[in-house]
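Please look at the sequence and the model together, and follow the paragraphs below from one part of the fold to the next.

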Amino acid sequence: MTISLAGLDMPVLVPAGVPTRSLHVLATGRGSVAGSALPYWEDVSVGPGPRPNTPADAAPPWSVRTIARRGCRPGENGDWTVDGSLRGIAETAVTSMLLKLIPYQLSAEETRRCTEHAGATGRAVAVRLDDVRTWSRTTMDVDGHTFVLWLHQREEGFAGVADLGACRVVLHGLRPPPAWRFTLLSAECAQQAFSPG
């Protein structure tokens, strides 16, 4: 099943040098503002397509999730929304990596236990974002510009986070992409790159 990017209003980060025809949109998220019928895009995740001789529902070896910055917006019941902190994004990276490893055939009780464990681990690791023993710091190249990339390696795989200013990035998987070089596609370019056919 192809996930459509019709109406996309945010940029999408993709690995440089990886043909977009070999990438797939893995997931998207949308939000809305109280009193407005117009939804906005919150995030887009891309990763390599299915590998030969692997189950169709197997998790990709890595994924890149671009999270749009949306600022402070009116929310439900007089509340407001606000962009998450870098620690919150780090929690998402670790938790998401661990959630992808939960087998589908587990009982409901075991799935719930594994899900709770993934969330607790994500929170515990994220609070140590400033600890270089937990999160090493390296760099990533985005269209010739250098950004800090926080990397957390564990037995199950890797998680990474970066703040590009206009958006934040969550990376995770069993192994990293081919290089820490990326390009930020405009909404229009991303729609063309990932259009069906």
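In this model, which is predicted, a useful place to begin is the pair formed by strand 3, covering residues 39-48, and strand 4, covering residues 62-68, which run antiparallel to each other and are joined over 4 bridges. Within this pairing, Asp-43 stands opposite Ile-67 of strand 4. As general background, the strands of a sheet pair through backbone hydrogen bonds, and they may do so in a parallel or an antiparallel way.

The pair belongs to a wider arrangement, an open sheet of 9 strands in the order 1-11-7-8-9-10-4-3-2, whose pairing is mixed. Strand 1 (12-15) and strand 2 (23-32) stand at the edges, and because each has a single partner strand, one side of each is left without a neighbour in the sheet. On average, neighbouring strands of this sheet are turned by 25 degrees against each other, if direction is ignored. Helix 1, made of residues 86-99, lies across strand 4, strand 8, strand 9 (157-163) and strand 10 (167-173), and its direction is at about 25 degrees to that of strand 10.

What fills the interior? In soluble globular proteins, nonpolar side chains tend to be buried together. Here the largest nonpolar core has 31 residues, and those with the most contacts inside it are Leu-5, Leu-8, Leu-13, Val-44, Val-46, Val-64 and Phe-194. A second core, separate from that one, has 16 residues, including Ala-90, Leu-98, Val-125 and Leu-129. Returning to Val-46, and not counting residues up to four places away in sequence, one finds that this residue touches, among others, Leu-13, Val-64 and Phe-194, as well as Val-12, His-24 and Trp-62.

Strand 8, which spans residues 145-154, contains His-152. Is His-152 buried or exposed? Its relative accessible area is 6%, which lies under the 20% limit, and therefore His-152 counts as buried. A polar atom of the His-152 side chain lies 2.8 Å from the backbone oxygen of Thr-134, and the side chain of His-152 also makes a polar contact of 2.9 Å with the side chain of Arg-154. Leaving aside its neighbours within four places in sequence, His-152 is in contact with several residues, among them Val-94, Val-125, Trp-135 and Phe-158.

A last stop is Asp-143, found in the loop between strand 7 (136-142) and strand 8. With a relative accessible area of 41%, Asp-143 is partly exposed, and its phi angle is near 55 degrees, a positive value in a residue other than glycine.

How values were computed:
Residues are numbered from 1 along each chain as its sequence is written. This is a predicted model: local features need pLDDT of at least 70, side-chain atom pairs count only at pLDDT 80 or more; totals for chains, interfaces and linings use all residues. Side-chain values use heavy atoms; hydrogens and water are left out. Helices (H or I, at least four residues) and strands (E, at least two) are DSSP runs, numbered from the N terminus. Buried means under 20% relative accessible area, exposed over 50%, partly exposed in between (1.4 Å probe, protein chains only). A polar contact is a pair of N or O atoms within 3.5 Å; within protein, one must be able to donate a hydrogen and the other to accept it, and residues adjacent in sequence count only if both atoms are side-chain atoms. Contact means heavy atoms within 4.5 Å. Two strands pair if DSSP finds at least two bridges between them. Axes are lines fitted to C-alpha atoms, for helices over the stretch in contact, and angles run from 0 to 180 degrees between N-to-C directions. A nonpolar core is a set of buried Ala, Val, Leu, Ile, Met, Phe, Trp, Tyr and Cys residues joined through side-chain atoms within 4.5 Å.
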